[in-house]
Amino acid sequence: MKSRSTSTRMMAKKKFGKGVEQLTIQSIPHHKHSEGSAMVWACMAAIDTMVASGFTVGKSPTVHKDNLHPCNLLLTEDGACIYLSSAKAPKYTYAKLDSLKAGSVVNVYGVVVFFKQPFKSRGTDFCSSLKITDHSNEKIGCTIFCEKLEDHPKIFRNGDIVRMHRVKAQVFNKSITLVNTFGFSVVTFDGVKGAPVEPRTSSRSFHFDPDDQRTVEELRSWAASQALFASVTSTVPLSAVQPKAYFDLTCQLLAKAPVDTTCTLLRVWDGTRCPHTLLKVIVEPHVTEGQLSFSKERENLIADVLVYDNHVEVARKLKPGVFLRIYNLRAIAGSSTVPGLTRSQLQVDHLAFHLHGGTSYGRGIGILPDNSPDVQELKRYENDEEALSELNDSDLLEVWKTPPESLVFNDEHFSSVGWCLCSERSCGHDMQKVTLSEVKRSGLGRVHHVRAQLKAYEPHRLHEALKLYCSKCKSMQDVPDDELLESIFSEASKDCGPCSPPPWVLSGQVSLPRHAPGPSNRALTVYLLTQLMFEGSTLEEMCQLMASYQNIIPVRASGGHLSLFDLSAPFLFRALGIQPLQFILLMKLELQDATDTLDVFLWRHAVSFTFLLFGVRWD
DNA sequence: TTAGGGTTAG
């Protein structure tokens with residue numbers, strides 16, 4: 001076996017995988033050399049060329065056991081060499097998507113504008129369906145059949161960039177489509193401009209040179225300038241979920257349990273708190289995989305997701321702890337369609353999450369690798385929540401973690417003082433970043449991504465971020481301290497004088513006790529109004545009573561005495577139009593970039609995360 | 001071979 005043609009013919013007897021021809025290389029002691037030396041030329045999947053010289057060809061002693069090639073290459077100790085011919089690696093050329101000819105096998109680059117996670121076909125393979133585009137603006141559908149999931153494109157979001165080798169152009173419904181063919185391989189890249197160009201692939205080796213780097217960066221830049229994704233779904237955290245909406249959820253799986261043959265429960269969280277009350281599904285503890293129960297604080301952050309039909313098989317393979325993106329998840333409020341599963345009938349108005357059967361609109365479950373930027377971001381949120389839980393003893397924190405319900409800011413109020421209001425909104429991370437001056441020019445009600453430098457922020461102490469907010473008139477004020485309270489009373493005392501009280505109020509005079517501070521013999525005007533104090537009522541009952549009575553105060557029996565609830569309990573003085581104030585957290589950031597500066601308000605959870613981020617004092 | 005994007009109806 002001295003010639004290249006001989007060796008090539010020999011290797012063709014056996015194939016391993018698709019297009020890979022292989023001989024085993026063994027090292028043996030010098031005295032066992034046999035059958036002369038050989039120079040062998042091998043081509044592995046037409047990618048890497050290897051030249052091996054000074055080897056001995058021998059019969060494989062294990063051919064009947066391993067069913068591999070009948071010959072071995074035996075490595076001698078006298079100058080045998082292997083030449084890995086990276087310089088001779090074929091130079092790939094890539095077809096533009098508007099130049100595809102039916103029947104041709106090509107290599108292509110493209111920006112993903114639609115994709116489905118691999119799903120089981122009716123045949124032997126998993127099937128990936130995607131649509132890609134490039135500078136030509138042609139959009140080409142692609143169908144990838146591979147038996148192994150790891151051979152499929154690792155696409156996580158629209159905008160990702162794929163490079164495919166050896167796909168065949170076919171005509172279907174008068175349009176060109178691409179289907180994988182013999183020797184197919186695919187590599188995927190993050191589509192975010194400026195992100196590292198790191199290939200996602202399970203291949204042990206693949207071709208990548210500076211031209212590829214340039215191509216990826218050019219496609220990123222081009223895609224950023226195009227409106228490519230008119231997608232109806234987007235990645236939304238639990239804190240921004242809207243009932244009835246379809247959305248993509250990036251989350252961590254905490255536990256799972258089969259519900260029946262067509263439905264599996266996934267218990268997930270993303271570190272954010274959904275403002276809606278979430279439906280909780282009952283399952284038998286012995287069928288639950290993962291943690292069975294959680295603290296009350298954590299439970300409030302966990303979403304129960306019901307996945308159906310074809311997704312049950314995918315869910316079966318998931319391990320608790322894994323990071324997921326659930327595509328085309330649906331939030332449904334008022335659901336009573338989980339028979340026998342709800343903990344009580346009171347859950348009928350709670351928010352349920354369903355991953356319906358089928359793959360329409362990319363519906364499916366994808367596993368995110370731990371090193372993906374999305375997972376890193378998720379971990380930051382989750383860690384923040386962990387930190388908050390540990391500090392749960394603080395009264396202040398309790399107030400902080402109890403955001404008022406239905407808190408709605410009035411945009412006009414803030415725009416009138418020239419400040420930009422950043423309310424809690426969802427935004428896809430594939431949004432293009434804009435400059436601060438563009439934000440200022442774009443008007444109210446828009447959602448933006450900006451990258452800017454923090455110039456200043458206030459307050460510097462957490463307790464100063466706590467404000468009192470009126471949901472009725474939208475006003476906001478500092479929490480009064482003793483000094484402020486004193487000045488409020490002092491100011492009000494100057495306005496004392498005769499007035500006409502409402503007819504349902506009794507009025508009179510009382511003398512201050514002799515030992516009271518201030519001038520002696522002072523008399524104060526008093527007004528008496530009827531108040532109802534209720535003991536033992538539920539919140540719901542209190543709310544019902546408020547519709548019928550003017551003034552209501554909830555009370556309790558404490559140590560044999562009548563006492564008030566703590567200040568967080570609602571009370572009502574409708575007679576004088578009093579509206580209980582709510583605690584909120586507010587923080588102001590001053591941002592700057594090359595184009596402008598911008599004052600930004602953060603509120604609710606955004607403040608807590610920012611304080612943690614800045615290491616601001618908690619006292 | 002398979003699928004060939006375009007919502008379950010729990």
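This report describes the predicted model of chain A, from its overall make-up to its cores, cysteines, salt bridges and backbone.

**Overall make-up**

Chain A has 619 residues, and 38% of them are buried. The chain holds 13 helices and 32 strands. Its accessible surface comes to about 35300 Å², and carbon and sulfur atoms account for 54% of that area. Taking contacts between residues at least 6 apart in sequence, 62% join residues that are at least 24 apart.

**Nonpolar cores**

The largest nonpolar core has 27 residues. Within this core, L100, V108, L130, I132, M164 and L178 touch the most other members. Several strands give two or more residues to the core: strand 6 (105-115), strand 8 (126-133), strand 9 (139-146), strand 10 (161-172), strand 11 (175-189) and strand 16 (323-332). Helix 6 (373-390) also gives two or more. The core draws at least three residues from domain 2 (104-231) and at least three from domain 3 (238-337 + 347-383).

M164 gives a view of the surroundings of one core member. Leaving aside residues up to four places away in sequence, M164 touches V106, N107, V108, I132, C142, I144, F184, S185 and V186. Another core lies apart from the largest one and has 26 residues, including C274, A315, L329 and L355.

**Cysteines**

How many disulfides does a search of the whole structure find? The search finds zero. A disulfide is a covalent bond between the sulfur atoms of two cysteines. C127 illustrates the result: the closest cysteine sulfur to its own is that of C146, 9.6 Å away, which is too far for a bond. The reverse also holds, as the sulfur of C146 has that of C127 as its closest cysteine sulfur, at 9.6 Å. C127 is buried, with a relative accessible area of 6%, and C146 is also buried, at 8% relative accessibility.

**Salt bridges**

The structure has 16 salt bridges. Three of them are set out below, with the closest N to O distance for each.

| Basic residue | Acidic residue | N to O distance |
|---|---|---|
| K91 | D211 | 2.7 Å |
| R267 | E299 | 2.3 Å |
| K319 | E289 | 3.9 Å |

Which parts of the chain does the pair of K91 and D211 tie together? K91 is in the loop between strand 5 (81-84) and strand 6, while D211 is in helix 3 (residues 210-224), so the bridge ties together parts that are 120 residues apart in sequence. D211 is partly exposed, at 30% relative accessibility. Both residues belong to a network of salt bridges that links K91, D209, D211 and R214.

R267 and E299 also link distant parts of the chain. R267 is in strand 13 (residues 263-269) and E299 is in helix 4 (residues 296-299), 32 residues apart. Are these two residues buried or exposed? R267 counts as buried at 8% relative accessibility, and E299 is buried too, with a relative accessible area of 17%.

The pair of K319 and E289 ties together parts of the chain that are 30 residues apart in sequence, because K319 lies in the loop between helix 5 (310-316) and strand 16, and E289 lies in strand 14 (residues 289-290). K319 is exposed, with a relative accessible area of 54%, whereas E289 is partly exposed, at 31%.

**Backbone with positive phi**

Most residues other than glycine have a negative phi. N137 is not a glycine, yet its phi is positive, at about 70°. This residue lies in the loop between strand 8 and strand 9, and N137 is partly exposed, with 41% relative accessibility. The two strands that flank this loop are among those that give two or more residues to the largest core.

N328 also has a positive phi, of about 60°, without being a glycine. Its place is in strand 16. N328 is buried, with a relative accessible area of 3%. In sequence N328 and Y246 are 82 residues apart, but their C-alpha atoms are 5.3 Å apart in space.

How values were computed: Residues are numbered from 1 along each chain as its sequence is written. Chains are lettered from A and ligands numbered from 1 in the order in which they are written. This is a predicted model: local features need pLDDT of at least 70, side-chain atom pairs count only at pLDDT 80 or more; totals for chains, interfaces and linings use all residues. Side-chain values use heavy atoms; hydrogens and water are left out. Helices (H or I, at least four residues) and strands (E, at least two) are DSSP runs, numbered from the N terminus. Buried means under 20% relative accessible area, exposed over 50%, partly exposed in between (1.4 Å probe, protein chains only). Contact means heavy atoms within 4.5 Å. Accessible areas come from the Shrake-Rupley method with a 1.4 Å probe; for residues, only the protein chains shown count as cover. A nonpolar core is a set of buried Ala, Val, Leu, Ile, Met, Phe, Trp, Tyr and Cys residues joined through side-chain atoms within 4.5 Å. Domain bounds come from an automatic or database domain assignment. A disulfide is a pair of cysteine sulfur atoms within 2.5 Å. A salt bridge is a side-chain nitrogen of Lys or Arg within 4 Å of a carboxyl oxygen of Asp or Glu.
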